[in-house]
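Biologist: Please walk me through this model, starting with a pocket and then turning to the strands and helices.

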Amino acid sequence: MKDFAVFWGCTIQARFPFLEVSTRLVFERFGLPYRDIDGFTCCPEKSLVNNIDHGLWELTAARNIAMVEEMGLNLVSPCTGCVSNLATVNKELCHDEAKKGAVNSMLKEVGLEVGGHAALHHLVPFFHDEVGINAVRSRVVIPMKGMRVAIHYGCHMIRPSHSLNNDDPLEPVKFDRLVEALGCESVKHRTKMMCCGQGLDRVDQHENALHMARIKLRELSSLDIDAMVLCCPSCYLQFDNNQFLMEKDGEKFGIPILYFTELLGLAVGYGAEELGLMNHRVGVAPFLEKWERIGGEGSEVGGLESELEDIGVFGL
Amino acid sequence: MYLDYNLLEKCYKCGACYDLCPSCLNLPGYDPRKVIGDILADNYEHWLNSESIWQCLECHHCLEICYQHYGFENAMTALRTLASKRGLTPQQVKRGWDMFVRTGKLGEPQSSARKRLGLPQAAESGKDSFLKLFKIYQDSKGVKT
C-alpha cells in the first residue's frame, strides 16, 4: 500500500480532537502507512468558500492536493466534507486543461504544481477497498453480534459520484459491509440516506437544523437502535451536539453517536477510554453496557472461515 | 461559473428530485422550481435576501437523481454567490469567510486538548503559503487590497 497523508481538516482538529485519537489508533492497529504533513490549510469548505468565491475555492483545494502529489503520497481523510471538496476540484481540473494551467501558473509562485493523479480517499471506502473486509474481520477481538446500529453515510462520503466514484451515490453498501464485518446488524430505516441538515446551522438557521436532526433521531428512537454510526465531523456535530441540546430542553432520544473509527477501535480491542469516548456529549454507556452484556455471544467465526484463516488465505 | 438556461428550463419543468431533496421534503416553503422560474423570467432579485437560497444543503441528491446530471443546486449556488457580493451573506458564513481569508483555516488545533488526549503536536498550518497565494489570486483578478 502506498503511503498516505492524513487530511484531518479544520473541524476534527479544532472541535473534536478525540476523533483524531481513535483514527490514529485504528491506523496503528492495521499497520497502515499514514503520515502527518505540514502545510495543509482548510480543504476549503464548500458552503462557505465556494458560495463566495469559486476561484479561490479551487485554488486552495488545488494547493492541498499539489502538496500531497509532490511528496508522492495518496490522501485519506476521516472528514467527508474535506474529501468531497478536494475530489471535486481534482476532477474539475482533470477535465479542464485550461483551468488547470491557470491554477498551476499561480501555484508555481509557491513552488507547487497540481497534476490530478493522487488518490483521494474517504476513510470508510478506503477501509473497504484498500484495507479490505477480510482484514477488518480478521482483526476483530470481540465481535459485535447482537448490536443494532443505524448507519448514517453522510452525503459527501459518496457524492458527487462523478468526482468520488467510490460507491453507489444513492444506494451505497460499503459502510454497511464494514459494520457488518464487525458483527453489527445494520438496521434498515426510512431516513438512512437523509442529509443530516447541519449545513443549516452554518447559515444562521439553528431551528431548522434541529428540525432536521429531530426527524432522524425520532425514527431511530422508535427502532430499538443501540447507536448511530457515522464518519463525518459535521454529521457528528449535528447528531451528538444538537441531540444533547434538544435533550437538555426536555426532548428524549438517547441515541449514542459513534464515529466509525470508534466502533472499529472497540471491535479490534481498544478500550472506550483509550478511544476518547467519554468526550461525547450524548453518553455512549448504554451501547457499551449492552455490548459487554452480550459480548461476542454466539458470534464464533464460522468453521470454514477460521480454517481458511489458519492457512493464511486472507493475507495481512 | 455560468448557468445553462436550456438545462434550467428542463429543470423547471421536471422536479424529479423533490422526492429526494431533504429540504424540499422537510422545510415548508422551500421550492427550488419557483426560484428557477424567477431566474428564467429574469425576476430573481427578491430571492437574494431570502432564507430559501441558503436552505439548499448541497447534498447533491438532486444532481445524482437528475437525468441531466445537473440539479438545481447550481441555481442556488449562483444566487448565493450574487447575494454574497451584495453583502447579504448570513452572519456565520461571513464569519467563516473572514477567518478563512485571514488564516487559511476555519479553526485551529487546540494544543492543551491535544496534550490531555496524548496527541502529538499538530502539523504546521500552510497559512503563510496560502496568504501568498491568495494575494497572487487577488492581483490576478485586479482586486485592490
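**A pocket and two sheets**

Biologist: Which class of residue, nonpolar, polar or charged, has eleven members in the lining of the second largest pocket?

Modeller: The lining holds four polar and four charged residues, where Asp, Glu, Lys and Arg count as charged, Ala, Val, Leu, Ile, Met, Phe, Trp, Tyr, Cys and Pro as nonpolar, and the others, Gly among them, as polar. This is a predicted model, in which local features need pLDDT of at least 70 and side-chain atom pairs pLDDT 80 or more, while totals for chains, interfaces and linings use all residues. Residues are numbered from 1 along each chain, chains are lettered from A and ligands numbered from 1 as written, and side-chain values use heavy atoms without hydrogens or water. The class with eleven members is nonpolar.

Biologist: How much space lies in that second largest pocket?

Modeller: A pocket here is an open set of points on a 1 Å grid where a 1.4 Å probe fits, with protein on both sides within 12 Å along at least five of seven lines, and lining residues have an atom within 4 Å of a point. Its 19 lining residues include A:Arg190, A:Thr191 and A:Lys192, which are among those nearest its centre, and helix H2 (residues 22-26) of chain B gives the most to the lining, with three residues. The space in this pocket is about 360 Å³.

Biologist: Is A:Thr191 buried or exposed?

Modeller: A:Thr191 is found in the loop between strand S6 (185-186) and helix H11 (206-221) of chain A, and beyond its neighbours within four places in sequence it is in contact (heavy atoms within 4.5 Å) with A:Ile215, A:Lys216 and A:Glu219. Its relative accessible area is 3%, and since the cut-off for buried is under 20% (1.4 Å probe, protein chains only), A:Thr191 is buried.

Biologist: Which strands stand at the edges of the sheet S6-S5-S7-S8 of chain A?

Modeller: This open sheet has parallel pairing, where strands are DSSP runs (E) of at least two residues, helices (H or I) of at least four, and two strands pair if there are at least two bridges between them. S5 (residues 148-151) and S7 (residues 227-230) of chain A pair over three bridges. Each edge strand has a single partner, so one side is left without a neighbour in the sheet, and these strands of chain A are S6 and S8 (257-259).

Biologist: In the sheet S2-S1-S3-S4 of chain A, which residue of S4(A) is the bridge partner of A:Val76?

Modeller: The four strands of this open sheet are paired in parallel. S3 (residues 74-77) of chain A and S4(A) are joined over three bridges, and the partner of A:Val76 in S4(A) is A:His121.

Notes:
Buried means under 20% relative accessible area, exposed over 50%, partly exposed in between (1.4 Å probe, protein chains only). Grid points are joined across faces, edges and corners, and a volume is the space filled by probe spheres set on the points.
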